[in-house]
Amino acid sequence: MKSAKPHTLRLLHLEDSDLDHVLVLAHLHRGGLKVNATRIDSEAEFVAALLKPWDAIISDYNLPGFSGLVALDLLKASGRDMPFLIVSGEIGEDVAVEAMRNGASDYLRKANLSRLVPALVHAVEACETRRARARADLELGESKQRLRELAQHLQNSIEQERAAIAREIHDDVGGSLTALKFELAWIARHAESKDVVGRAHSALETVSHAIESSQRIMHNLRPAILEQGLVAALQWITGRFEKRSGVSCTLRTPRELPALPIGVPLVAYRVAQEALTNITKHAHAGRVEIDLSLAGGVLSLEVSDDGVGLSNDALGKARSFGLRGLHERARTVSGWVDVSSHPGKGTTLILSVPLPKVHKPVLEPMTASVEADPSRWGDL
Ligand SMILES: Nc1ncnc2c1ncn2[C@@H]1O[C@H](COP(=O)(O)OP(=O)(O)OP(=O)(O)O)[C@@H](O)[C@H]1O
Ligand SMILES: [Mg+2]
């Protein structure tokens, strides 16, 4: 016995006969086990004993007003995992099978205790292994949860950082470029030399180009179009996708949409954005369909293409974070993302977000949803 032998085994012995108790101890000593045993024989004592730490329980099957099977049930109900051996004078095969099914580690006849030591050692070791596995599972679960929280925190930090950069570009760079444009226009109007007018016009073109670029960068960082509602933002991103990729894209939206809870429009927008980016990068699609719908209190955004479909290793790629990020994003609003695909038959990505019941239907775009929209600069 690797783990139990070096220390004294704390043994709870459920046995009404003193003689049988001594017999069991004699077998254990003879087998080389150091044992610190406590004998009890009633349900009340057993319930009280369950609060203490034991390395193993050996139980008689028949006890006055109590039984090994009831003790086993009580142990199970306590939620503790402990080796439990039934040692009995008379035990039928069906009772033994039932005991094993209920979680007993082993059963032995009092008439033949030669197997007692190996059975006890095996039960203690098996229990130790189970406990170690349960500890490892718990740690793994906690670690996964921490990782999930970290990923969500990172997503939120990225959105806040993006919003801050977009705001600065808008207020600072955008403001300065607009002022510069006015100054240059004034110079162009008042300059007498043709050369200066020419230079001023060329500078105006450069500034206009820089303004367009800063607006584009701003939009990519934080789509201000979301201020006009999710539907408007989806229309905008769909149009831009069609223009850039040349792939035809149909958008279907409900005529009425409730005011969406904070965070939902941005998550839905980012899902559409990543899905369309993926289609551009991977799908070789000819058609794309985007469906925004509300059914049974669940908002769904479905993006499907008729492209090549996901390869077998697609979702396990170590360096691909787009779809993984979407799962984390969806969780931040209590939603989830499903991806389905058939080779050669395209890919469908669905975001589902259950909405709280309190929202009353209103038409989008509308100002009420702007108030609830986290994409407003002021909210961040
Ligand atoms: N619409 C699609 N059609 C075909 N394959 C796709 C589609 N969307 C995703 N994939 C496959 O799934 C993989 C994982 O996608 P994911 O968005 O997670 O990562 P990525 O696009 O490769 O990288 P990134 O981290 O920049 O998003 C892709 O590498 C691609 O092979
Ligand atoms: Mg991607």
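Begin by selecting I187, which in this predicted model lies in helix 5, the run of residues 116-190. With a relative accessibility of 35%, I187 counts as partly exposed. If residues up to four places away in sequence are not counted, I187 touches V196 and A200. Add H201 to the selection and draw the C-alpha to C-alpha distance from I187: the two residues are 14 apart in sequence and 9.1 Å apart in space.

Next, move to V197, which lies in helix 6 (residues 194-221). V197 counts as partly exposed, its relative accessibility being 21%. Leaving aside the neighbours within four places in sequence, the residues in contact with V197 are A188 and A191. For a second distance, take V197 and A179, which are 18 residues apart in sequence and whose C-alpha atoms are 18 Å apart in space.

Return to helix 5 and display it together with helix 9 (residues 322-332), with which helix 5 packs at an angle of about 85°, the axes lying 9 Å apart. Since angles of 65 to 115 degrees count as roughly perpendicular, helix 5 is roughly perpendicular to helix 9. To see the contact itself, select R148, A151, Q152, Q155, N156, E159 and R162 on the helix 5 side, and G325, E328, R329, R331 and T332 on the helix 9 side. Coloured by class, this contact of helix 5 with helix 9 shows one nonpolar, five polar and six charged residues.

From helix 9, follow the chain to S334, whose place is in the loop between helix 9 and strand 12 (336-341). The phi of S334 is near 60°, a positive value in a residue other than glycine. S334 is exposed, with a relative accessible area of 56%.

The next helix pair to select is helix 7 (residues 230-245) with helix 8 (residues 264-283), which pack at an angle of about 15° with their axes 10 Å apart. Angles under 35 degrees count as roughly parallel, and helix 7 and helix 8 are therefore roughly parallel to each other. Their crossing is right-handed. On helix 7, show L230, A233, L234, W236, I237 and F241, which meet P265, A268, Y269, A272, Q273, L276, I279 and T280 in helix 8. By class, the contact of helix 7 with helix 8 holds twelve nonpolar residues, two polar ones and no charged ones.

Beyond helix 8, pick out H284, which sits in the loop between helix 8 and strand 10 (287-295). H284 is not a glycine, yet its phi is positive, at about 50°. With a relative accessible area of 67%, H284 is exposed.

For the last stop, turn to aromatic rings, where the count of pairs with ring centres within 6.5 Å comes to one. Select F46 and F66, whose rings have their centres 6.0 Å apart and their planes at 55°, so that the pair is tilted. F46 lies in helix 2 (residues 43-49) and F66 in strand 5 (residues 66-67), so the pair ties together parts that are 20 residues apart in sequence. With the solvent-accessible surface switched on, one can then ask of each ring residue in turn whether it is buried or exposed. F46 is buried, its relative accessible area being 0%, and F66 is also buried, with a relative accessible area of 6%.

Definitions and conventions: Residues numbered from 1 in each chain as written. Chains lettered and ligands numbered in written order. Predicted model: local features only at pLDDT ≥ 70, side-chain atom pairs only at ≥ 80, totals over all residues. Heavy atoms only, no water. Axes fitted to C-alpha atoms, helices over the stretch in contact; angles between N-to-C directions. Helix = DSSP H or I, 4+ residues; strand = E, 2+ residues; numbered from the N terminus. Parallel < 35°, antiparallel > 145°, perpendicular 65-115°, else oblique. Left-handed = near helix turned anticlockwise from the far one by under 90°. Contact = heavy atoms within 4.5 Å. Nonpolar A, V, L, I, M, F, W, Y, C, P; charged D, E, K, R; others polar. Phe/Tyr/Trp six-rings, centres within 6.5 Å; stacked < 30°, edge-to-face > 60°. Buried < 20%, exposed > 50% of the residue type's maximum accessible area, 1.4 Å probe, protein only.
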